[in-house]
Amino acid sequence: MNKRTKTALVSVTAAALMASAAQAANKLEIFSWWSGDEGPALNALVKLYSTKYPAVAVDNATVTGGAGTNAKAVLKTRMLGGDAPDSFQAHAGQELTGTWVVADRMEDLSSLYKSEGWAAKFPKAVIDLISYKGGIYSVPVDVHRSNVMWYVPATLKKMGVTPPTSWAQFVTTCATLKAKGMATPLVMGENWTQQMIWESVAVGALGPKGWNDLWAGKLKFTDPRVVGTFTTYGKVLDCANKDASGLSWQQATDRVLSGQAAFNIMGDWAAGYMTTTKKLKAGTDFAWSASPSTNGTFIMLADSFGLPKGAKDRTEAINWLKVLGSKEGQDTFNPLKGSIAARTDSDLGKYSVYSQSAAKDWKSKVIVGSMVHGAAANEAFTSGFGSINDAFVSTRDAKAAAQASQDLATKSKIGM
Ligand code: GAL
């Protein structure tokens, strides 16, 4: 081998080594609970990221389980163990600020908001939810609505009922359906989906002001009006299936689609599931209305991704956040997810008729935050409320549930 060839070989090897080192360094781990039936929207967003950053190997880490009940537990272990993912899903609001931001685990993204011009692109109310002491701590990818009642028009027609507009009417409709042979007019799934029913009942009964007062610590759970929300919730539970704890939210939705149940109260990720996974047509194959007694209100939640301090692949994570917060990113993700874009400039022509109606409601209804999905309450409260719900489902003791909720609120520093 002559000297020139040898030198060339050495430099080729060096270049290859450097390239593979660069490749190894170019990775990104994102963490969420969006897998399986919940995966298509995130997968599309990851694909978009990969077309922009082809050299980055994306580890799309997921822990299955609706509402992140399992994922959040794993995240906690990882965060406390010093093994933070590069970017992780957290609900805008107290779940983020009252949990990870107060604990000083997140990076302030204000400069990213400035460089991307996002202050003018996201609604102020949403930015407020992810802000803490002057910093902005995540990038919202969507806005979901929690208070939606889903049904199949053909089922209601066959049974001769119309969608009830108040909880009192719901209970009457339920009796009619039972009399006509439908054993469980309402289908619900595991614990957190049951809590969503209470959430809709409570917002209906307390109104937006009462609901906000609850989370501001100005209205006690032991107030007779709040005790009353549990009493009504109990009546609604009498319309529901007894095998709920073993059902995922998708399985609950399936029972509405099969005609076994008439109604399901679920966030509008159900629309994503029905249109994207089940290939059904919104407005004909399935339809919706606001949960009873909440027509004037939009109970919102927003999924967001943040940048934990000590992220191993910080540059890649920032680029991920840029894609996620872009108009293109949001209009890639949300039409598949059933949500609307958090940004105000999205192209509604890309969305289903359900999402188009949600976008209209987002502008015209009174907005309040969901407790179950971390907007109104911190993680300490939401995770603790699960046991209160379980106890109530079996005992139906409204006063005890209200007292336990107040104790939990105090312990979780709600409104402080
Ligand atoms: C919510 C989340 C939604 C959807 C849902 C069901 O907490 O915000 O995007 O994933 O859980 O898992």
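Which residues of helix α14 (residues 327-337) are buried? I began with this helix, bearing in mind that I was reading a predicted model. The buried residues of α14 turned out to be Gly329, Gln330, Asp331, Phe333, Asn334, Pro335 and Lys337. I then looked up what covers them, and found that the cover includes α2 (40-52), β6 (139-140), β7, α12 (269-277), β12 (303-306) and α13 (314-325). Just after α14, I noted that Gly338 takes a positive phi of about 95°.

Gly338 came up again when I turned to Ser355, which is found in helix α15. Leaving aside neighbours within four places in sequence, Ser355 is in contact with Gly338, Ser339 and Ile340. Ser355 has a relative accessibility of 1%, and therefore I entered this serine as buried.

Next I followed α15 to a sheet. Helix α15 (residues 353-364) lies across β7, β11 and β13, and its direction makes an angle of about 105° with β11. These three strands form an open sheet in the order β7-β11-β13, with mixed pairing. The edge strands, each pairing on one side only, are β7 (144-145) and β13 (366-369). Between β11 (residues 297-301) and β13 I found parallel pairing over four bridges, and within this part of the sheet Met300 stands opposite Gly369 of β13.

My next entry concerns strand β8 (residues 148-151), where I asked which side chains point which way. Val148 and Trp150 point one way, Met149 and Tyr151 point the other way, and all are buried. I recalled that side chains in a regular strand alternate between the two faces of the sheet. As for partners, β8 and strand β10 (residues 287-290) run antiparallel and are joined by four bridges, while β8 also pairs with strand β9 (residues 264-265) in the antiparallel sense, over two bridges. Met149 stands opposite Ser289 in β10, and in β9 the bridge partner of Met149 is Ile265.

I then searched for disulfides, and the structure holds one. The bond joins Cys174 to Cys239, with an S to S distance of 2.3 Å. This pair links distant parts of the chain, 65 residues apart, with Cys174 in helix α8 (residues 167-179) and Cys239 in the loop between α10 (224-237) and α11 (249-257). Why is the disulfide of Cys174 and Cys239 left-handed? I read the torsion about the S-S bond as about -120°, so the disulfide is left-handed. Both Cys174 and Cys239 are buried.

From the loop after α10 I went back to α10 and looked at how α10 packs on helix α17 (residues 398-411). Their axes come within 8 Å and cross at roughly 125°, which means that α10 is oblique to α17. The crossing of α10 and α17 is right-handed. On the α10 side the contact is made by Val227, Phe230 and Thr231, and on the α17 side by Ala398, Lys399, Ala401, Ala402 and Ser405. For the spacing of such residues I kept in mind that an α-helix has 3.6 residues a turn, so residues three or four places apart point the same way.

My last entry is on Asn212, which has its place in helix α9 (residues 191-215). The relative accessible area of Asn212 is 37%, so I classed this asparagine as partly exposed. I also looked up its separation from Gly415, which lies 203 residues apart from Asn212 along the chain: the two C-alpha atoms are separated by 9.9 Å.

Note on methods
Residues are numbered from 1 along each chain as its sequence is written. This is a predicted model: local features need pLDDT of at least 70, side-chain atom pairs count only at pLDDT 80 or more; totals for chains, interfaces and linings use all residues. Side-chain values use heavy atoms; hydrogens and water are left out. Two strands pair if DSSP finds at least two bridges between them. Contact means heavy atoms within 4.5 Å. Axes are lines fitted to C-alpha atoms, for helices over the stretch in contact, and angles run from 0 to 180 degrees between N-to-C directions. A disulfide is a pair of cysteine sulfur atoms within 2.5 Å. Buried means under 20% relative accessible area, exposed over 50%, partly exposed in between (1.4 Å probe, protein chains only). Angles under 35 degrees count as roughly parallel, over 145 as roughly antiparallel, 65 to 115 as roughly perpendicular and the rest as oblique. A crossing is left-handed if the near helix is turned anticlockwise from the far one by less than a right angle, and right-handed if clockwise.
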